[in-house]
Amino acid sequence: MNRVRVTAALLLGLGLMSAAAVAASKDGSPAAAPEAAYAGGGADTCLKCHDETSEFPVMAIFQSRHGQASDARTPVHGLQCEACHGPSAAHAGRVRPGGERPAVPNFARSASAPVADQNQACLGCHRERGASHWDLSAHADADLSCASCHRLHVTTDPVLDRRGELAVCGSCHRRQQTQSLLPSAHRLHSGAMRCGDCHAVHDAGHDKLLQADDTNAVCAQCHADKRGPLLWEHAPVSEDCTLCHRPHGSNHPALLTQRAPLLCQQCHTLAGHPGAALGPDDRPSTLVSLRACSNCHTQVHGSNHPSGALLLR
């Protein structure tokens, strides 16, 4: 009996050594793992399960740009579903009763591929179409995948819709989304503006993913009348618009951080200036009534008038 066990152990050891020898390459290093196989039927294999009644329906992709087989730039023209999801023969194959179906390599909830590899499936086409600096962006640093924001198995990707983009961005940037609901805000909810009008979400060239070199340059894209240089400049205006304005929304008019005169008095003292809250006959003075400081200083962003040193004209 002992001799039988010894013989079996020797045979097992020889078998393992033979397998290792076969797996080793000619130079002695371990042989590379076999490449994953593609499904034989391409998209037809996928659509047998992923129709409109599936938990993960995909039919709507054929109504989008990615699903145009006549366009050689689209994934459907080439490897179809597996052009993005990776070789999926194991996922599409038979599964024993009670067994777990292997996930597709990319973009599955349980996908094993690193985020960088998943994103490469998109960047292979889109790197030269607006995502050239993605690898250095704040979103890439946060280890976000393209699928974190984009939906491809739909007729229209929500993040590309002027009204839908705010909800997608707001799922992470909740404070900014909340500020956009305040009484004074940019018109994001009406679709007149979108987050991408100010932010380059795929790039990293500027702070806060801005579309231009700095905050003032972004604001000047719409507010060109506030752009300098001016003969008489208001220092905080030329330095940074956000010193006085909250770009995502405010409870105060014109997206101001505070109402005047409190905003102005952060820099300007009342010394040598009529600063009483009440004027003659206990009536509110011009300092606090109507538009407060701007009752007189109408050109708060700067002036080109020869006599505009005090921004009065």
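Okay, let's start in the segment after β2, where L311 lies. This is a predicted model, by the way. What caught my eye with L311 is the backbone: phi is positive, about 60 degrees, and the residue is not a glycine. So is L311 buried or exposed? Buried, with a relative accessible area of 11%; the cut-off for that word is under 20%.

There's another non-glycine residue with a positive phi, and that's A254, at about 55 degrees. For A254 you want to look in the loop between α10 and β2. The surroundings read differently here: A254 comes out as partly exposed, at 48% relative accessible area. Exposed would need over 50%.

While we're in that loop, stay for a moment, because P261 lies between α10, which is 235–239, and β2, which is 302–303. Which kind of peptide bond leads from A260 into P261? A cis one, with omega near 5 degrees.

And now the other proline I'd like you to click on, P229. You'll find P229 in the loop that runs between α9, residues 215–220, and β1, residues 232–233. Here the partner is G228: a cis peptide bond joins G228 and P229, and omega sits at about 0 degrees.

So, to recap the spots for your torsion plots: cis bonds at G228 to P229 and at A260 to P261, then positive phi at A254 and at L311. Okay, that's my bit, over to you.

Technical notes: Residues are numbered from 1 along each chain as its sequence is written. This is a predicted model: local features need pLDDT of at least 70, side-chain atom pairs count only at pLDDT 80 or more; totals for chains, interfaces and linings use all residues. Side-chain values use heavy atoms; hydrogens and water are left out. Helices (H or I, at least four residues) and strands (E, at least two) are DSSP runs, numbered from the N terminus. Buried means under 20% relative accessible area, exposed over 50%, partly exposed in between (1.4 Å probe, protein chains only).
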